[in-house]
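Got the viewer open and a cartoon view ready? Let's take a walk through a fold, one selection at a time.

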Amino acid sequence: MAIVEFSNVTFRYHPEEEPILEDFSFSVERGEFVSIIGQSGCGKSTLFRLLTGLETPQKGEIRINGKPVQKGSHLSSLQPQKDLLFPWFTVWENVALPLSLQRIPKGKQRQAAEAVLAQVGLDPSLAEKYPSALSGGMRQRVAFARTLLDGAQVLLLDEPFSALDCLTRMDLQEWLRDNWLKLEKTILFITHDVEEALFLSQEVAVLQGKKPFSAALMRQVPLPKERSRAHLACEAVEREKLYLMDVLKGGAR
Ligand SMILES: Nc1ncnc2c1ncn2[C@@H]1O[C@H](COP(=O)(O)OP(=O)(O)O)[C@@H](O)[C@H]1O
Ligand SMILES: [Mg+2]
């Protein structure tokens, strides 16, 4: 059964503007890792704004776990494009932010933050540090721990690795895949990097062509669930990569 479902959704930010989505249908199965790619400004982050109820479609329905998404409904956890760690909070306070907003007592917050840091393989000694003491890669791990602590089954990660250097990024990609295999969450992951999409996900959704979109082009990644970076060099993946890049440039359909 689909866990994320857009049914005939039409959405525009302003009444006088052309819609970004028109009669858009899209679904993701439970437990999947789906990457979303498309040209800059095409509407990828907008899909996440709709899924979190920050924006409301003019027409159609969006459901997560069978429940309609509404303003304030908490059916997915968003990790926004910027990591948004607050410099005046320690790591554990940053991670516990979703709980602090629910006014959970401090002691419980800290316990939960430490548990989730351990769950994603981060050293407990990190808890008392401030974000300024962390590398870019570490900040992203902490931001992910916070997204996880937020508690939803569906995680929405918006270009989390785009500002990282190449080696850190590869490291984080492997780390995220290991976590996905372990956590049994459904992940939607926005990226503009085709290779990253292929390495991370089971399926790639492409917003292609001109707005408004009525569907995403869905492509299965020709790789097993257990994979290593070396798989990226195989012929089927190379072919898929060229195909996807061509689609992004507006060529192949
Ligand atoms: N809050 C907003 N209000 C009005 N227009 C917006 C808002 N956010 C994004 N847009 C516009 O919607 C389009 C899609 O944006 P976005 O979803 O951020 O694209 P992407 O994430 O694919 O780069 C762009 O033209 C952008 O300028
Ligand atoms: Mg975006």
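Start by selecting helices H5 (residues 136-149) and H6 (residues 166-183) in this predicted model. Their axes sit 10 Å apart, and the two pack at an angle of about 20°. Since anything under 35 degrees counts as roughly parallel, that makes H5 roughly parallel to H6. Look at the handedness too: the crossing of H5 past H6 is right-handed.

Now show side chains at this contact. From H5, pick Gly-137, Gln-140, Arg-141, Phe-144 and Leu-148. Facing them in H6 are residues including Trp-175, Leu-176, Asn-179 and Leu-183. What is the mix of nonpolar, polar and charged residues in the contact of H5 with H6? It comes to six nonpolar, four polar and two charged.

Next, select the sheet. It's an open one of six strands with mixed pairing, in the order S6-S7-S8-S3-S9-S10. Strands S6 (76-79) and S10 (217-220) are at the edges with a single partner strand each, so one side of each has no neighbour in the sheet. Ignoring direction, neighbouring strands are turned by 20° against each other on average.

Zoom in on strand S9 (residues 203-207), which runs antiparallel to S10 and is joined to it by four bridges. For one of these, click Glu-203: its bridge partner in S10 is Gln-220.

Finally, bring the helices back. H5 packs on the sheet by touching S6 and S7 (154-158), and its direction makes about 160° with that of S6. H6 packs on the sheet as well, touching S3 (33-38), S7 and S8 (186-190), with about 155° between its direction and that of S8.

Terms used:
Residues numbered from 1 in each chain as written. Chains lettered and ligands numbered in written order. Predicted model: local features only at pLDDT ≥ 70, side-chain atom pairs only at ≥ 80, totals over all residues. Heavy atoms only, no water. Pairing = 2+ DSSP bridges. Axes fitted to C-alpha atoms, helices over the stretch in contact; angles between N-to-C directions. Contact = heavy atoms within 4.5 Å. Parallel < 35°, antiparallel > 145°, perpendicular 65-115°, else oblique. Left-handed = near helix turned anticlockwise from the far one by under 90°. Nonpolar A, V, L, I, M, F, W, Y, C, P; charged D, E, K, R; others polar.
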